[in-house]
Amino acid sequence: MLTILDLKKMKQNHEKITMVTAYDYPSAKQAEQAGIDTILVGDSLGMVVLGYDSTVQVTVEDMIHHGKAVKRGAPNTFAVVDMPFMSYHISTEDSLRQAAKIFQETNAQSLKIEGASAGIIEFIQRLTEAGIPAIGHLGLTPQSVNVLGGFKVQGKDKAAAAKLLHDAKKVAASGAVALVLECVPKELADIITASIDIPTIGIGAGSKCDGQVLVYHDILKYGVDRLPRFVKPYSDVNQIGLEAIKGYISDVKTQNFPSDEHSFFIKSKDLLPE
Ligand SMILES: Nc1nc(=O)c2c([nH]1)NC[C@@H]1CN(c3ccc(C(=O)N[C@@H](CCC(=O)O)C(=O)O)cc3)CN21
Ligand SMILES: CC(C)C(=O)C(=O)O
Ligand SMILES: [Mg+2]
């Protein structure tokens with residue numbers, strides 16, 4: 001399993017860090033088998049596998065339920081769990097209690113937190129002091145979709161770009177071990193990556209970030225209809241899966257399934273009731 005020191009070394013050595021989301025046992029097992037560096041139990045699970053229209057309805061219990069399944073599937077991969085909406089905003093004390101619960105119950109290696117307000121910066125410091133590696137998340141922070149007015153690229157004007165760089169420096173200085181940059185212009189992500197000593201992990205943030213993260217279901221094109229512009233699909237599981245289920249339906253209707261090879265037989269007819 002990689003450690004936070006390995007991730008820092010990978011930045012220094014210009015070796016790209018790979019991250020994929022996983023929400024359950026099979027996807028985690030597959031990601032580990034494929035040789036991924038890190039797994040994110042993203043709160044995107046609310047949209048991707050629970051059918052919510054944002055991540056706002058995802059709970060601490062949801063994150064623990066999915067996080068435990070992921071760790072069972074990928075016991076040897078560095079795992080990050082998202083702290084969900086409002087689980088780290090009420091007070092630093094309450095946030096620390098929620099973090100301890102998620103970290104202990106999932107056995108994850110790190111927790112991810114969106115934003116860089118004064119409260120968040122203090123929380124990242126306190127997590128680090130307590131021995132919980134924190135990963136920051138700036139740019140498009142989906143838990144704030146209702147304040148941002150949609151899933152939109154961030155840091156597009158001079159003031160917003162300057163604030164994003166300033167926030168990234170604050171997150172790095174507070175002890176965070178990595179920083180996710182979501183939906184940020186490539187040139188800005190490049191400057192941020194060069195300005196901080198912790199790895200940046202981009203999603204819709206161009207190729208200069210120290211690592212990349214994508215949603216598992218987006219990579220596979222599985223269950224998702226419209227893919228964001230930053231996604232490159234590597235398969236079409238929607239199509240493969242649809243054909244499989246249609247084939248099954250057709251075989252049952254036409255009595256081609258189950259055949260004898262998929263059936264069990266009694267040793268002797270004498271054993272059957274009269
Ligand atoms: N399947 C999936 N993939 C993701 O990457 C993802 C989720 N779900 N859910 C949680 C968040 C939400 N994300 C999103 C969702 C939509 C866009 C999107 O449609 N963006 C526009 C850009 C709009 C603009 O130009 O400002 C796009 O065309 O990609 C971006 C990020 C990223 N995360
Ligand atoms: C998109 C990534 C960075 C994320 O936070 C998630 O999957 O929830
Ligand atoms: Mg998330």
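The following exercises, with worked solutions, concern a predicted model of a protein with two ligands.

**Exercise 1. Establish how the strands of the protein are arranged, and in which sense they pair.**

Solution. Begin with the inventory: the secondary structure comes to 11 helices and eight strands. Next, follow the pairing: the eight strands close into a barrel in the order β1-β2-β3-β4-β5-β6-β7-β8, with parallel pairing. Finally, consider the twist: neighbouring strands of this sheet are turned by 25° against each other on average, direction ignored.

**Exercise 2. Trace the bridges from β4 through β5 and β6 to β7.**

Solution. Step one concerns β4 (residues 110–114) and β5 (residues 134–139), which run parallel and are joined by four bridges. Here Ile 113 has Gly 136 of β5 as its bridge partner. Step two moves on to β5 and β6, whose parallel pairing extends over five bridges. Gly 136 now serves as the point of continuation, since its bridge partner in β6 is Leu 179. Step three reaches β6 and β7, paired in the parallel sense over four bridges. Across this pair, Leu 181 stands opposite Gly 202 in β7. The chain passes from β6 to β7 by way of α9, and this β-α-β crossover is right-handed.

**Exercise 3. Determine which helices pack across β5, β6 and β7, and at what angles.**

Solution. Take helix α8 (residues 158–173) first: α8 lies across β5 and β6 (178–182) and runs at about 175° to β5. Helix α9 (residues 186–195) then packs on the sheet, where α9 touches β6 and β7 (200–203). The direction of α9 makes about 165° with that of β7.

**Exercise 4. Decide whether β6 is enclosed or open to its surroundings.**

Solution. Examine each face in turn. On one side Ala 178, Val 180 and Glu 182 are buried, and on the other Leu 179 and Leu 181 are buried, so that both faces are covered. Five of the five residues of β6 are therefore buried, and the strand is largely enclosed by the rest of the structure. For the protein as a whole, buried residues make up 41% of the 274 residues.

**Exercise 5. Describe the surroundings of ligand 1 and ligand 2.**

Solution. Ligand 1 is surrounded by 16 residues, of which Ser 44, Phe 151, Lys 152, Pro 228 and Arg 229 are the closest. Helices α3 (45–48) and α10 (216–220) each supply at least two residues of this shell. By class, the shell has 10 nonpolar, three polar and three charged residues. Turning to ligand 2, its surrounding residues include Ser 44, His 137, Val 180, Glu 182 and Ile 203. Five nonpolar, four polar and three charged residues form the shell around ligand 2.

Notes: Residues numbered from 1 in each chain as written. Chains lettered and ligands numbered in written order. Predicted model: local features only at pLDDT ≥ 70, side-chain atom pairs only at ≥ 80, totals over all residues. Pairing = 2+ DSSP bridges. Axes fitted to C-alpha atoms, helices over the stretch in contact; angles between N-to-C directions. Contact = placed C-beta atoms within 7 Å. Near = placed C-beta within 6 Å. Nonpolar A, V, L, I, M, F, W, Y, C, P; charged D, E, K, R; others polar. Buried ≥ 20, exposed ≤ 12 C-beta atoms within 10 Å, placed from the backbone. Right-handed = clockwise from strand over helix to strand, strands pointing away.
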